Amino acid sequence: MEALLSVPANDDREGKRNRAILELLYSTGLRVSELVALNVEDFAEGGGEGGTLRILGKGRKERLVVYGSAAMNAVHNLFFLCGRNSIRKGGWLRRSRPFF
């Protein structure tokens, strides 16, 4: 798994996006359809240990999924590269924009 996660270049937008995708898939076990449907407001930061995602899964059922610090760092790198604010600590962002 380490070899797979080290493949995306971490110095451009596409590489940071690919790294965030791989880290989130690995950390959460999301389905690809759930990952591509993520919006900015679905992310919540949980301190230095990771965060939480609000997922709308099969049958339109909502669930919360925890992700680790490596995935959180990859997501933060992509947020900052795109000129967005960081994930607000302790709360959900209020913007309905696609993340990926």
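How many helices and how many strands are there in the protein chain? Hi everyone, let me answer that straight away: the protein chain has four helices and three strands. Before I go on, please keep in mind that this is a predicted model.

If you read along the sequence, the pattern is α-α-α-β-β-β-α. So that you have a feel for the inside and the outside, 40% of the 100 residues of the protein chain count as buried.

Let me start with the sheet. Three strands make up an open sheet, their order is 1-2-3, and the pairing is antiparallel. Strand 1 and strand 3 are at the edges with a single partner strand each, so each of them has one side without a neighbour in the sheet. On average, neighbouring strands of this sheet are turned by 25° against each other, if we ignore direction.

Now let's walk across the sheet, pair by pair. Strand 1 and strand 2, which covers residues 50-56, run antiparallel and are joined by three bridges. Two residues of this pairing are good to find on your screen. Alanine 44 sits opposite threonine 52 of strand 2, and phenylalanine 43 has leucine 53 in strand 2 as its bridge partner. Please remember phenylalanine 43, as we will come back to that residue.

Moving on to the other pairing, strand 2 and strand 3 are antiparallel too, and here there are seven bridges. For example, glycine 51 has tyrosine 67 of strand 3 as its bridge partner. Strand 2 and strand 3 form a hairpin with five residues between the strands, and in this hairpin glycine 59 takes a positive phi near 70°.

Now for the rings. Which two residues form an aromatic pair that is edge-to-face? By the rule used here, the count is one aromatic pair. The partners are phenylalanine 43 and tyrosine 67, with 6.1 Å from centre to centre and 80° between the planes, which is edge-to-face. Phenylalanine 43 belongs to strand 1 (residues 43-45) and tyrosine 67 to strand 3 (residues 62-68), so this pair ties together parts that lie 24 residues apart in sequence. Are these residues buried or exposed? Both phenylalanine 43 and tyrosine 67 are buried.

Let's turn to charges. How many salt bridges does the structure hold? There are three salt bridges.

Let me take the one in a helix to begin with. Arginine 19 forms a salt bridge with glutamate 23, and their closest N and O atoms are 3.1 Å apart. Both residues, arginine 19 and glutamate 23, lie in helix 2 (residues 13-28), four residues apart, which is about one turn of the helix. Their surroundings are worth a look as well: arginine 19 is partly exposed, at a relative accessible area of 25%, whereas glutamate 23 counts as buried, at 5% relative accessibility.

The other salt bridges bring us to glutamate 34. Its side chain meets that of arginine 31 in a salt bridge, at 2.6 Å from N to O. Glutamate 34 also meets arginine 63 in a salt bridge, and here the N to O distance is 3.0 Å. Arginine 63 is in strand 3 and glutamate 34 is in helix 3 (residues 32-36), so this pair ties together parts that are 29 residues apart in sequence. Through shared partners, the salt bridges join Arg31, Glu34 and Arg63 into one network.

How does burial look within that network? Glutamate 34 is buried, with a relative accessible area of 4%. Arginine 31 is partly exposed, with a relative accessible area of 36%, and arginine 63 counts as partly exposed, at 32% relative accessibility.

Last stop, the helices. Which way does helix 2 run against helix 4, roughly parallel or roughly antiparallel? The axis of helix 2 and the axis of helix 4 (residues 69-81) come within 8 Å of each other and cross at roughly 150°. Because of that angle, helix 2 is roughly antiparallel to helix 4. As for handedness, helix 2 passes helix 4 in a left-handed crossing.

To take away, here are two things to look up on your own screen. One is the edge-to-face pair of phenylalanine 43 and tyrosine 67. The other is the network that joins Arg31, Glu34 and Arg63. Thanks for listening!

Technical notes:
Residues numbered from 1 in each chain as written. Heavy atoms only, no water. Phe/Tyr/Trp six-rings, centres within 6.5 Å; stacked < 30°, edge-to-face > 60°. Helix = DSSP H or I, 4+ residues; strand = E, 2+ residues; numbered from the N terminus. Buried < 20%, exposed > 50% of the residue type's maximum accessible area, 1.4 Å probe, protein only. Salt bridge = Lys/Arg side-chain N within 4 Å of Asp/Glu carboxyl O. Pairing = 2+ DSSP bridges. Axes fitted to C-alpha atoms, helices over the stretch in contact; angles between N-to-C directions. Parallel < 35°, antiparallel > 145°, perpendicular 65-115°, else oblique. Left-handed = near helix turned anticlockwise from the far one by under 90°.
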